[in-house]
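Work through the exercises below with the sequence and the 3D view open. Try each task before you read its solution.

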Amino acid sequence: AAFRYHVNNESILGFEAPATFQDKLVGRVALGIAEKPLSQVAQLSITLMTVLLVITVAAVALAMYFLADWLAKPIRLVGESMHEIAKGNFTHRIAENRKDEFGLLFADFDAMAQSLQDRDAGRTPASSTTPASSATPASPATLARSRTPPAPRAPS
């Protein structure tokens, strides 16, 4: 049994338990503990767990920030490189060797840029001076048929 006593304006937690020997009651044990130190230890434990929670959340947030930035850098690099190609700078290459999916993407981008550079260099002056009125735009169906799916890439 547990009880709370007030002695000298101080709260005491009392515990009582039977003392048995070979299933026979031989007495009772009574113990009284001051409640104030127990409350202080409980409050300190809650405070330390809260501090641990805040530190853990901050560490996870910081790690996620660096992980997201680490993943975003190659994506930003491809985006910036695509803007260079859009400006007509077909000589732009990423030329970064990586052994992950971004490395495959960089290699494909460089191959695309090389193809565009070769196509741009192969134009003749006559083809660039063709009047716009004689050119007929291709229909979306014609464009869809002319596209060939890329060959599957072997894992590296």
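The exercises go from the overall fold to helix packing, a surface patch and salt bridges.

The model is predicted, so local features need pLDDT of at least 70, side-chain atom pairs count only at pLDDT 80 or more, and totals for chains, interfaces and linings use all residues. Residues are numbered from 1 along each chain as its sequence is written, and side-chain values use heavy atoms, with hydrogens and water left out.

**Exercise 1. The overall fold**

Task: State how many helices and strands the protein has, and give their order.

Solution:
- Step 1. Apply the rule: helices (H or I, at least four residues) and strands (E, at least two) are DSSP runs, numbered from the N terminus.
- Step 2. Count them: the protein has three strands and four helices.
- Step 3. Read along the sequence: the pattern is β-β-β-α-α-α-α.
- Step 4. Look at burial. Buried means under 20% relative accessible area, exposed over 50%, and partly exposed in between (1.4 Å probe, protein chains only). Of the 156 residues, 11% are buried.

**Exercise 2. Two helices side by side**

Task: Decide whether α1 and α2 are roughly parallel or roughly antiparallel.

Solution:
- Step 1. Locate the helices: α1 spans residues 35-86, and α2 spans residues 101-121.
- Step 2. Fit the axes. They are lines through C-alpha atoms, for helices over the stretch in contact, and angles run from 0 to 180 degrees between N-to-C directions.
- Step 3. Take the values: the two axes come within 11 Å and cross at roughly 5 degrees.
- Step 4. Classify. Angles under 35 degrees count as roughly parallel, over 145 as roughly antiparallel, 65 to 115 as roughly perpendicular and the rest as oblique. So α1 and α2 are roughly parallel to each other.
- Step 5. Find the contacts (heavy atoms within 4.5 Å). Residues of α1 including Leu71, Ser81 and Ile85 meet residues of α2, among them Phe102, Phe109 and Leu116.

**Exercise 3. Two residues of α1**

Task: Say whether Ser81 is buried or exposed, and do the same for Met64.

Solution:
- Step 1. Place both: Ser81 is in helix α1, and so is Met64.
- Step 2. Check Ser81: its relative accessible area is 1%, so Ser81 is buried.
- Step 3. List its neighbours: not counting residues up to four places away in sequence, Ser81 touches His92, Ile94 and Phe109.
- Step 4. Check Met64: its relative accessible area is 48%, so Met64 is partly exposed.
- Step 5. See what Met64 joins: with Val60, Leu67, Trp70 and Leu71 it makes a nonpolar surface patch of about 500 Å².
- Step 6. Note the patch rule: residues have over 30% relative accessible area and no salt bridge; like charges are joined within 9 Å, nonpolar side chains (Val, Leu, Ile, Met, Phe, Trp, Tyr) within 5 Å.

**Exercise 4. Salt bridges**

Task: Find which residues pair with Arg4 and Arg28.

Solution:
- Step 1. Recall that side chains of opposite charge can pair when their charged atoms come close.
- Step 2. Use the cut-off: a side-chain nitrogen of Lys or Arg within 4 Å of a carboxyl oxygen of Asp or Glu. The structure holds seven salt bridges.
- Step 3. Take Arg4: it pairs with Glu35 (2.9 Å, N to O). Arg4 is in strand β1 (residues 2-7) and Glu35 in helix α1, 31 residues apart.
- Step 4. Compare exposure: Arg4 is exposed at 51%, whereas Glu35 is buried at 18%.
- Step 5. Take Arg28: it pairs with Glu16 (3.2 Å, N to O). Arg28 lies in strand β3 and Glu16 in strand β2, so the bridge ties together parts 12 residues apart in sequence.

Terms used:
Areas by Shrake-Rupley, 256 points an atom, 1.4 Å probe, with all protein chains shown as cover.
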